[in-house]
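The exercises below each set a task and then work through a solution in steps. Please keep the sequence and the coordinates open while reading.

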Amino acid sequence: MASIDLRNITKIYRDAKRKRDLLAIDNVSLSVEKNEFLCLLGSSGCGKSTLLNMIAGFEKPTEGTVTVGGTPVDGPGADRGMVFQQANLMPWLPVWENVAFHLRLKGWRKADRRDAAQEYIDMVGLRGFENHFPAELSGGMSQRVGIARALLLNPQVILMDEPFAALDAQTKMDMQEELVAIWQKQRCTVVFVTHSVDEALVLGTRVAVMTSRPGRIRELIALDLPRPRDTTGPRFNDHKRHILNLIREEGMQQRQAAVA
Amino acid sequence: MTALSKSWERAVVPLFILAAWEVFSRSGFLPAALLPAPSVVLHTWGDWIFGFDETSQANTGRWFADALSSAMRVAAGYGIAVISGVLLGIAIGWWRWVERTVEPTIQMLRPVPPVSWIPLAIIWFGIANKPAIFLVFLGAFFPILMNTIHGVKTADRNLIRAASMMGATEQQLLRHVVFPAALPSIFAGLRIGIGAAWMLTVTAEMVAVKSGLGYVLWDSYYFLRYDLVLAAMASIGLLGYATDALIKVLMSAALHWQHGSTLQSREG
């Protein structure tokens with residue numbers, strides 16, 4: 001059984017001010033298998049984050065159904081861990097309390113929360129920063145806390161919305177490597193939204209290339225490249241060339257449509 | 001050494017003013033009774049507090065009782081204002097239907113100056129603690145309420161998203177996300193509120209109550225004891241300053257997470 005199932009998803013935004021409806025996502029169907037690492041790749045405004053938010057339960061499709069683990073999604077829940085573009089940490093809580101926030105909600109005792117948080121803090125390499133506050137962390141460290149926080153939910157699926165977009169190139173590479181290592185260790189399902197072709201090719205087991213306005217899935221590409229991925233190898237570049245061509249074609253069609 | 005020289009810098013202006021005032025009062029330019037010298041005020045104040053030579057007449061040795069009755073009124077009215085202002089503010093900020101039903105009424109009552117309630121307060125509550133507590137409540141309630149609403153409304157939506165992703169119920173969102181997020185703003189309201197609270201206690205004591213620092217102030221005015229008036233003014237200022245300092249201490253303890261991330265936190 002698929003871990004995540006999107007069936008005939010359509011999303012229409014009603015623009016009340018301009019009295020015009022905007023078709024954001026047009027009849028998208030997509031299945032994500034267990035333990036898969038799916039990258040949703042597309043330019044900004046193509047609806048990839050909207051799809052992710054639907055899986056998370058923050059948005060509802062206008063038509064179609066979203067099921068996770070066989071049950072229809074009806075609002076956000078702790079069975080789906082989300083890592084946001086900004087880390088979105090509670091600034092008044094130290095790192096370990098942020099990581100264990102879910103357990104705070106469940107009413108765990110402080111000592112137990114502290115113990116449980118440590119495992120995930122170690123996993124993302126933040127040992128020694130347990131008592132730091134978010135304002136004292138760098139962007140990369142904040143994202144690590146966000147990842148640890150999502151992992152602690154021990155969710156069936158982890159949803160990531162361009163979590164590394166704001167990081168510098170070196171930090172981004174380190175984080176990508178660590179994420180793959182964590183995913184291999186935890187054996188969870190990951191849906192990762194990105195606009196970077198390289199990032200999608202480094203991370204994913206499959207890449208869904210999306211077109212924009214309305215958002216559709218242009219092509220699903222299975223990646224059988226060995227890990228760690230060689231970003232300069234010929235097969236990597238073949239995939240990259242192919243995807244870039246898709247994107248270029250798409251852009252051309254859009255410009256023509258705009259002129260016509 | 002630097003700390004010492006810094007505190008010396010702070011004292012320069014007040015000391016200069018006091019010295020000039022002392023000299024001016026003793027120069028005989030004005031009748032001494034109209035502008036008592038600082039030394040005279042200090043002497044009277046000392047007697048009011050410790051009761052050594054009855055220069056403050058009937059008030060001798062009664063300062064602590066007077067200060068306590070004022071402080072109790074502030075505490076009662078302010079306490080009610082804090083609890084009701086924060087709770088109602090969170091409700092108005094969070095639930096649209098509460099905002100729609102309650103806010104218009106509050107916005108209509110808010111511009112009415114609290115002191116203009118004095119006549120009604122007296123006929124409703126008589127001459128005692130209650131009208132004073134009512135006025136203090138009115139004065140402190142609105143700034144606390146408005147700042148709480150503002151704090152709730154400006155809470156980061158993404159933090160609420162993150163918490164609901166982790167399975168937070170609405171009640172948990174309010175307690176674990178919205179309230180702490182609104183806390184900096186709430187404290188701003190608490191500090192404005194405590195100033196209003198002292199102002200209204202003193203006003204109420206001048207008119208509607210027969211005890212407390214404000215009563216002594218007004219009573220001394222009738223008896224032309226301007227040294228006592230000044231001592232009462234200084235006492236009120238001192239207590240106001242002390243309560244504000246207390247709230248500041250509470251604030252920096254509760255908002256310690258802001259250290260290093262805001263301009264305000266650098267003040268210490």
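**Exercise 1. Work out what share of the contacts in chain B with a separation of 6 or more joins residues 24 or more positions apart, and set this beside the secondary structure of the chain.**

Step 1. In this predicted model, residues 24 or more positions apart supply 66% of the chain B contacts that have a separation of 6 or more.

Step 2. Turning to the elements, chain B contains 10 helices and 0 strands, and its pattern along the sequence reads α-α-α-α-α-α-α-α-α-α.

Step 3. Along the principal axes, the C-alpha atoms of chain B fill a box of roughly 75 × 60 × 30 Å, while 43% of its 268 residues are buried.

Step 4. The area that chain B exposes comes to about 14700 Å², of which carbon and sulfur atoms supply 70%.

**Exercise 2. Classify Ala132(B) as buried or exposed, and list its contacts beyond four places in sequence.**

Step 1. Ala132(B) belongs to helix α6 (residues 129-153) of chain B.

Step 2. Because its relative accessible area is 0%, and the cut-off for burial is under 20%, Ala132(B) is buried.

Step 3. With neighbours within four places in sequence left aside, Ala132(B) is in contact with Arg73(B), Ala204(B) and Val209(B).

Step 4. A pair distant in sequence can be added here: Ala132(B) and Glu205(B) are separated by 73 residues in sequence, yet their C-alpha atoms are 7.0 Å apart in space.

**Exercise 3. Classify Val12(B) by its relative accessibility and find the surface patch to which it belongs.**

Step 1. Val12(B) is found in helix α1 (residues 2-26) of chain B.

Step 2. Its relative accessibility is 41%, and therefore Val12(B) counts as partly exposed, since that class lies between the limits of 20% and 50%.

Step 3. Val12(B) forms a nonpolar surface patch together with Trp8(B), Val13(B), Leu15(B), Phe16(B), Ile17(B) and Leu18(B), and the accessible area of the patch is about 740 Å².

**Exercise 4. Compare the UniProt annotations of chain B with the helix content of the spans they cover.**

Step 1. An unreviewed UniProt entry assigns "domain: ABC transmembrane type-1" to residues 67-251 of chain B; over this range the chain is 85% helix and 0% strand, with its end C-alpha atoms 25 Å apart.

Step 2. The annotation "transmembrane region", likewise from an unreviewed UniProt entry, covers residues 75-97, 109-127, 133-152, 173-200 and 220-242 of chain B.

Step 3. Among these spans, residues 109-127 of chain B are 47% helix and 0% strand, and the end C-alpha atoms lie 24 Å apart.

Step 4. For residues 220-242 of chain B, the end C-alpha atoms also lie 24 Å apart, whereas the helix content is 87% and the strand content 0%.

**Exercise 5. Assess the confidence in chain A, and then examine the burial of helix α1(A) and of His102(A).**

Step 1. Chain A averages a pLDDT of 90, and 99% of its residues score at least 70; among its elements, helix α8 (residues 234-259) of chain A has the lowest mean, 86, and helix α2 (residues 95-99) of chain A the highest, 96.

Step 2. In helix α1 (residues 48-56) of chain A, 8 of the 9 residues are buried, including Lys48(A), Asn53(A) and Met54(A), and just after this helix Gly57(A) takes a positive phi of about 95 degrees.

Step 3. His102(A) lies in helix α3 (residues 101-105) of chain A and counts as buried because its relative accessibility is 11%.

Step 4. Not counting residues up to four places away in sequence, His102(A) touches Ala78(A), Leu152(A) and Leu153(A), and also Met166(B).

Notes. Residues are numbered from 1 along each chain as its sequence is written. Chains are lettered from A and ligands numbered from 1 in the order in which they are written. This is a predicted model: local features need pLDDT of at least 70, side-chain atom pairs count only at pLDDT 80 or more; totals for chains, interfaces and linings use all residues. Side-chain values use heavy atoms; hydrogens and water are left out. pLDDT is the predictor's confidence in each residue, from 0 to 100. Helices (H or I, at least four residues) and strands (E, at least two) are DSSP runs, numbered from the N terminus. Patches are made of residues with over 30% relative accessible area and no salt bridge: like charges are joined within 9 Å, nonpolar side chains (Val, Leu, Ile, Met, Phe, Trp, Tyr) within 5 Å. Accessible areas come from the Shrake-Rupley method with a 1.4 Å probe; for residues, only the protein chains shown count as cover. A salt bridge is a side-chain nitrogen of Lys or Arg within 4 Å of a carboxyl oxygen of Asp or Glu. Buried means under 20% relative accessible area, exposed over 50%, partly exposed in between (1.4 Å probe, protein chains only). Contact means heavy atoms within 4.5 Å. UniProt positions are given in the numbering used here, feature names are shortened, and annotations may be inferred rather than shown by experiment.
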